[in-house]
4 protein chains.
Amino acid sequence: MVSDILDAAALVLEERGLAGYNTNAVADRAGVSVGSLYQYFANKAALTHALMEREDMVIERKLAKLEEDLVGLPLLTGLLHLSASCRLQRPALARLLAAESPRLPPSRHASRLTARLESVFQRSFEGTPLQNLPDAAADIFSIMIGLIDSAGQRDGVEPADLAQRLVGSVFGYVDVYVSRTP
Amino acid sequence: MVSDILDAAALVLEERGLAGYNTNAVADRAGVSVGSLYQYFANKAALTHALMEREDMVIERKLAKLEEDLVGLPLLTGLLHLSASCRLQRPALARLLAAESPRLPPSRHASRLTARLESVFQRSFEGTPLQNLPDAAADIFSIMIGLIDSAGQRDGVEPADLAQRLVGSVFGYVDVYVSRTP
Amino acid sequence: MVSDILDAAALVLEERGLAGYNTNAVADRAGVSVGSLYQYFANKAALTHALMEREDMVIERKLAKLEEDLVGLPLLTGLLHLSASCRLQRPALARLLAAESPRLPPSRHASRLTARLESVFQRSFEGTPLQNLPDAAADIFSIMIGLIDSAGQRDGVEPADLAQRLVGSVFGYVDVYVSRTP
Amino acid sequence: MVSDILDAAALVLEERGLAGYNTNAVADRAGVSVGSLYQYFANKAALTHALMEREDMVIERKLAKLEEDLVGLPLLTGLLHLSASCRLQRPALARLLAAESPRLPPSRHASRLTARLESVFQRSFEGTPLQNLPDAAADIFSIMIGLIDSAGQRDGVEPADLAQRLVGSVFGYVDVYVSRTP
DNA sequence: AATGAATGAGTGTTCATTCAT
DNA sequence: AATGAATGAACACTCATTCAT
């Protein structure tokens, strides 16, 4: 049921955009009453957060697997490829959720993801002393989201190609960052 | 008066966020009646567009000056420094306007800015044959906006430091892009 | 509920006239929230159309019965008596609805009524070749509405007397019309 | 000036309909400020009344001339022909003014016109004792307006033909009316 | 648990009217 | 007299949320 509602929310966003994204439409699309929707989600923001979380969950899970096998820069590269291919699955959805998020109260979920990124980032540069990891993680996160979602608006974008450019950007950022970190 | 209303709109956005950004609030904040607001702006979207345009105008003007003196990569670098320092003046405003823009009908202004960026980009690589300039411009634009606005959420970000990392990212992107363009 | 809202709309029109006829007033009068009103009527025009339809329904039903029993001129006469007695039930309402209708988008219902009138008209002159039936039907319709609604502004108008004069007018029109139709 | 504004009001009504008929539009169309409009007309209703009066003035003047030459039924017939040809000059305007009038406070002008009609009516039946002249005048007025304005919605209506049918209707009404007046 | 009708505060927008210049 | 910028009450309509069944 929770899953049905999240599916419906995703479809409503993709089909009608931010303007058509409202709780009644979602409930309709899910073949469920609004009342039921509110049984499972405290309010609209909670629904949106849940959807964001579910969409990111795929990345988080795959990232966890990656962390078992890789370390250092390959791990970071892997994360970027992962993110590109995942977010390009439903590019419009990813973009619309990102566009909605500034209207939402802050959630634990987003910060958990960046925390994760911090960890990956730290493991990538094991040995090198780094400062302000949180800031760097947030920056890289924003580059990643910005670039992928922008590319997602175009048709026929190859995840691999996009990931290459993404790797370029992030390593460009990192080079500066590392070289300036005492 | 137009200017007063735009000032008010900016303040409302900064003080109350997207949720509190409505025409009556803006008119109130400007010490003006709603009717007057609508005398100068056809609708809320027009108001928002005007504010975006005004905020970007500074960048455009400074960019124009830059184009007189610089060419090649220094021009691109200059643009990035420019954008960072301008958008960090009122970081919340810049971020909120960017967040509102997907809800707005497309404007001539936004496309003019990316066209401008394309031109800068092309001038930066004079001599090198490039393909899909629009895509690259859009990508770089998104990296730029994403990174600056993300950094703008933190306190005490030095424009110069941010610009450095921004340059790193963009050149990282470009390196990949150029090397893969036949 | 639909019926309650239509009742309220009719009362608001009668009590406050066109100037006081707004959706909030109707909802208030019906002891219902505006939201409920909009659950049943897509917009104000739809509400007005529905009220017009309901008011005309009585005539349409009675006309259908009449058509079972009568043909020729008696049928036309019957229609005129019918309209007079029905519209005089709530004369102000009939007049105000007619006055509002030019501000409304065209409805299927109004054209259905005139089509009906055309059919009655044609049956009334079976055997006589007539041209431009639609025009004649529209003319007779306007005479009928005009005369009844005008008389409805006065007190103590006897439906039977009014119908007599109405019959006189319409047959006067028809005599000229028929004699000039080749 | 007054005349210019009335011209503009007429044009606005014809070009933009009831929905576009507002004081600012009229002032604009007249090349005059709203303030000036309100210098000559106390409010919007006064403006509309003045326009109605001016449009009917032509009929009134011609009717006065007719009354010098004709008496009895030919006078009534003359009035009907007159009205038909005058109202068909600007059929849309006539219709829209009639549609706006129920929203207006009652005016002396309309009653003056029907009073005039009463007088014509009485002269038409000199010798015959008639009762309830005001009612009859109002009824005939409404038949006249209704039929002419309805016909005015069609293209290529011949004033003479319309007048014929109008004469038929009115005399049909009158026949009944006279025969039932003791 | 599920329903969905009902709610009503809130929002964008219009336009008749005023009044300082 | 003329201007037209300014006013703000009023209105149509939306949608997140509730609660009786």
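**Symmetry, cores and the DNA-facing surface**

Let me begin with the pair of chains A and B in this predicted model: chain A can be laid on chain B with an RMSD of 0.4 Å, by a turn of 178° together with a shift of 0.2 Å along the axis. The two copies are thus related as by a two-fold rotation axis, and the C-alpha of chain A that lies nearest this axis is that of A:Ser169, at 1.9 Å from it. As for how they meet, 100% of the interface residues of chain A are also interface residues in chain B, so the copies meet through the same surface.

Turning to the interior, the largest nonpolar core has 58 residues, and those touching the most other members are A:Ile140, A:Leu166, B:Ile140, B:Leu166 and B:Val170. Helices H5 (72–87), H7 (108–124), H8 (133–151) and H9 (159–180), in chain A and likewise in chain B, each supply at least two residues of this core. If we take A:Leu166 and leave aside residues up to four places away in sequence, A:Leu166 touches A:Leu80, A:Ala84, A:Met144, A:Leu147 and A:Ile148. There is also a second, separate core of 57 residues, which includes C:Ala84, C:Ala136, C:Ala137 and D:Ile148.

Finally, the DNA. Which residues come nearest to DNA strand E? Of the 30 residues around DNA strand E, they are A:Gly35, B:Asn22, B:Asn43, C:Gly35 and D:Asn22. Among the elements that each supply at least two residues of the surface near this strand are helix H3 (34–40) of chain A and helix H2 (23–30) of chain D. By class, that surface has 10 nonpolar, 18 polar and two charged residues.

Terms used. Residues are numbered from 1 along each chain as its sequence is written. Chains are lettered from A and ligands numbered from 1 in the order in which they are written. This is a predicted model: local features need pLDDT of at least 70, side-chain atom pairs count only at pLDDT 80 or more; totals for chains, interfaces and linings use all residues. Copies are superposed by least squares on the C-alpha atoms of residues with pLDDT of at least 70 in both. Two residues are in contact if their C-beta atoms, placed from the backbone, lie within 7 Å. A nonpolar core is a set of buried Ala, Val, Leu, Ile, Met, Phe, Trp, Tyr and Cys residues joined through C-beta atoms within 7 Å. A residue is buried if 20 or more other C-beta atoms lie within 10 Å of its own, exposed if 12 or fewer, and partly exposed in between; C-beta atoms are placed from the backbone. Helices (H or I, at least four residues) and strands (E, at least two) are DSSP runs, numbered from the N terminus. A residue is near a molecule or strand if its C-beta atom, placed from the backbone, lies within 6 Å of it. Ala, Val, Leu, Ile, Met, Phe, Trp, Tyr, Cys and Pro count as nonpolar, Asp, Glu, Lys and Arg as charged, and the others, Gly among them, as polar.
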